[in-house]
Amino acid sequence: MKKSTIFFSLLSVLVTLSLLLTGACKGSGTTTGGTTPTGEQVITLNLGGEVNTIDPNRASWSNERSVMMQVFDGLLAFDSGLNLVPMVAKAIPTVANKGISADGLTYTITLKSNATWSDGTKVTAGDFAFSIKRLFDPKLAAEYASFYFDIVGGEAYYGSADKTAAEQTALKDAIGVRAINDTTLEIKLIDPLPTFTQLLALWPVYPVRQDMITAHGDAWAQPDASGAMPYYIGNGPFVLQQWVQQDHFTFVPNTKYWGDKPTLTKITFKELTDANVALAAYKNNELDQSGVPGGTEKATMADSALSPEIVRYAQLTTYGLQFNVTKPPFDNKALRQAFSCAVDRLAYIDLVRGGVGKPTTSWIPPGMPGYDATLGQAYTFNPTQAKAYLAEAGYANGVGLPVIKFQYANTGSNPTLAAFLQEQIKTNLGVDLTLEAMESKSFSALVNAKEFSWAFYGWGADYPDPDNWLPQIFGTGAGNNKTGYSNPNFDALAASGLKELDNTKRLKIWADAQALVIADAPMVFLFNRETFVLKKPWVKGQITTGMDGQIAGDMFLRDVYIQK
Amino acid sequence: MFRFIVRRILWLLLVLLVVMFITFILMHLVPGGPWDREKALAPKVVEALNKRYGLDQPLWQQFGNYVWGVIRGDLGTSYSWADRNVISILLQGLPKTMTLGILAFLLAQAIGIPLGVAAALKQNSGVDYFSVLFSTVFASIPGFVLGILLMIVFSVMLHWLPTSGWGSPQQLIMPVICLAALPAAQSARITRASTLEVMRQDYVRTARSKGLLENRVRIRHIFRNSLIPVVTIAGPELANLITGSFIIENLFAVPGVGRLFVQGIFARDYSLIMGGVLFYAFTIAILNLVVDIAYAAIDPRIRYD
């Protein structure tokens, strides 16, 4: 079994290398600087696989976002610097412009009067109110609904599956969202939530069409037999013309779009799942942009034909190696610190990640409020310091340590990471690491049940704010707190940070909270991921952000044009 | 013959029920459920999702509901696949997978059988050595390697064929070759071996000593009899091909049914797993029945009355 795995790994490496070595076709070579679109304005990108649902209220995965972002515009949006900007809303609600009440509980949002759906009808406050109430529909079981439980009555309606229809209707009517008139939306919160404006820029609260959903049910967001999407009406720059399941999506411009019209006349998202195939398709000019197979990044950078086509940028994503702090041996802080100092992050990025990614010793990634480059300096790679911490933990030279296990999902580069860690811990601490490879879902179940000891973990931004990065992961008993970390001081800071309306004070609170976490070392903070893709030279105007969906640059396809 | 078929179909129903039961037990025993993810869902959300898909009911009731659904022709709703009914997912992918599978099956037999016969008739000749080389190479090269190699040559270097996708005849060529490679190699080997064995049988010597024309001996006595083992493996081989290959469909981005079962397992999408297993078991059982009926036509010693 083992042998055959190695054999297949070798084979796949060989295949990938040969794919890289077969020269890429020469580009058009005529890059004439200007910003005028020339040639056919069509682009073909790779979504990387099938989506589950593209119903905004229900969706949760990044490839689903990639599709919906083309078709819908929310009240607010993020600009290329990930700052909030108004979209369908006239302005970002603030206390100063009376969009937010002084107590931070009532949001009154005025809509632009010219926003329309792709069939020409007006987008109204009622459409948004309908969407937000539908998000809490117990029958829908929307996965991101919990992000919006601060809206008055939302959680009660969401949990009302066992109640009678009349009781459910009453709960639905009690939700604190209403359209005062066609262009004024009012939302009431239970508690002040300064990042609520960020939530208004996310897909779960995109407007949806009540008439289509009432008439067609779940089928409103599904293709008919020919792949057409007759009921999937949006208010964004593109219209989803076709979804041939497991094959491709096709978008065309929304002729009734109320904002700046896009230049592209057609976008195709293919659904190639194999990275080698996507690269071959890119070289055969079937794709205008593609990732490269994991582990081939260095070979790509060294390839003179491909290296000018590389697009690289940081994602708002941090990976770490989390400890189960509730059980021995990692309930011992000094031992965690010893491990934190014993991992050479630069070597990891160089050897395992193909040189792509940025090492880190803290949690909140660069490019976001709350990032602090000075945090966690104590954990910079240092074997001497690591051994000192090991002795402080009571295990000088590793004597007396029980068997240390590292669990991981046996996918992607995880097996290489595991082998790397084993070597690092042996060399730098003199400790033997036992590796336990698992199937992905079994691994998730093990981690969620806190039955692991040390495991790989990653977090990507839902929105660029520390309050998406700290309380959910390090708060006592929080849903994504897998380490079991519990610190009353942190919890107290988080409770006040979530409600603090003064932004300067708020960011200070989160900075203090993050410092507490880093000092306690519940994880080995490892690296921030970078996107690494190839893009054809004729694709112009691309804007990438640290929060792109599955496709690099998918937040701003409306600005892309072709120059052939 | 008729009674034989009826009896076999009744057995088939029992087999399917047992297969459903075992699969149901196994998939619930495996650690991890459909909502276990790296980024955990809120407990309220998990509760709502379980309710939506009936996973909050006791297991025996879920199994009962499923069997009752199958009897009514409802294979349940997929939860990793936009709530589509598993039947509609299968029906949408099946024509594509079957097109590939049948073409690959025909190609495999069209290459394998003649090559095997020729190799046996001219044992230890150049043809024979070529046949051995052909079978060894294509039986040992994994589909994904062959697929990528074909792509490098015909798409990346020569730009003759599209790498992947579905819709044009050109897009069929590479996946069909990849799918046909192994069965063609197997067919060639088995045809060769069985032809060699039949050639040494007494009845062949008898036929020759009767003074029959060599061609008649070869076609009527040797070829026909040597096909029996070939037909035996052809059944499962065809079943295997028309139920699709995860690797090849994944590689060539074919929107068929071959990926469903594996995707279902990774996603713990219980309806998709059950549907995939049922479909596979049903196809194998039916094709085995067809093979048994075909024996009667080929092997003079077998009669079902």
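In the hairpin that β7(A) and β8(A) form, 3 residues lie between the strands, and A:Gln246 adopts a positive phi near 65°. This hairpin belongs to a predicted model, and it is a convenient place from which to trace the strands around it.

The two arms of the hairpin are β7, residues 238-244 of chain A, and β8, residues 248-253 of chain A; they run antiparallel and are joined by 6 bridges. One position in this ladder is A:Gln242, whose bridge partner in β8(A) is A:Thr250. From β8(A) the pairing continues to β9(A), again antiparallel, through 4 bridges. Two residue pairs mark this step. A:Phe249 has A:Phe269 of β9(A) as its bridge partner, and A:Phe251 is matched in β9(A) by A:Ile267.

Strand β9 of chain A, residues 266-270, also pairs with β1 of chain A, residues 42-46; here the strands run parallel, and 5 bridges join them. Within this pairing, A:Thr44 stands opposite A:Thr268 of β9(A). The strand β9(A) thus has an antiparallel pairing with β8(A) and a parallel one with β1(A).

Another part of chain A holds an open sheet of 3 strands. Its order is β4-β6-β5, and the pairing is antiparallel. Which strands stand at the edges of this sheet? They are β4 (106-110) and β5 (177-181) of chain A; each has a single partner strand, so one side of each is left without a neighbour in the sheet. On average, and with direction ignored, neighbouring strands of this sheet are turned by 20° against each other.

The pairing of β5(A) with β6(A), residues 184-188, is antiparallel and extends over 4 bridges. In it, A:Val177 is found opposite A:Ile187 of β6(A). A helix lies across these two strands: α3 of chain A, residues 125-135, which runs at about 170° to β5(A).

These pieces sit in a chain whose secondary structure comes to 17 helices and 18 strands. How does the overall size of chain A stand against that of a compact globule? For 564 residues such a globule would have a radius of gyration near 24 Å, and the 25 Å of chain A agrees with this. The C-alpha trace of chain A spans about 70 × 60 × 45 Å along its principal axes. Of its 564 residues, 49% count as buried. Among the contacts in chain A between residues at least 6 apart in sequence, 68% join residues at least 24 apart.

Chain A also meets a second chain. On the side of chain B, 40 residues are in contact with 43 residues of chain A. Three helices of chain B, α2 (43-52), α6 (143-157) and α10 (246-251), each supply at least two residues of the side that touches chain A. The largest share, 7 residues, comes from α6(B). By residue class, the side of chain B that touches chain A divides into 22 nonpolar, 9 polar and 9 charged residues.

Terms used:
Residues are numbered from 1 along each chain as its sequence is written. Chains are lettered from A and ligands numbered from 1 in the order in which they are written. This is a predicted model: local features need pLDDT of at least 70, side-chain atom pairs count only at pLDDT 80 or more; totals for chains, interfaces and linings use all residues. Two residues are in contact if their C-beta atoms, placed from the backbone, lie within 7 Å. Ala, Val, Leu, Ile, Met, Phe, Trp, Tyr, Cys and Pro count as nonpolar, Asp, Glu, Lys and Arg as charged, and the others, Gly among them, as polar. Two strands pair if DSSP finds at least two bridges between them. Axes are lines fitted to C-alpha atoms, for helices over the stretch in contact, and angles run from 0 to 180 degrees between N-to-C directions. The radius of gyration is taken over C-alpha atoms; the globule rule is 2.2 Å times the number of residues to the power 0.38. A residue is buried if 20 or more other C-beta atoms lie within 10 Å of its own, exposed if 12 or fewer, and partly exposed in between; C-beta atoms are placed from the backbone.
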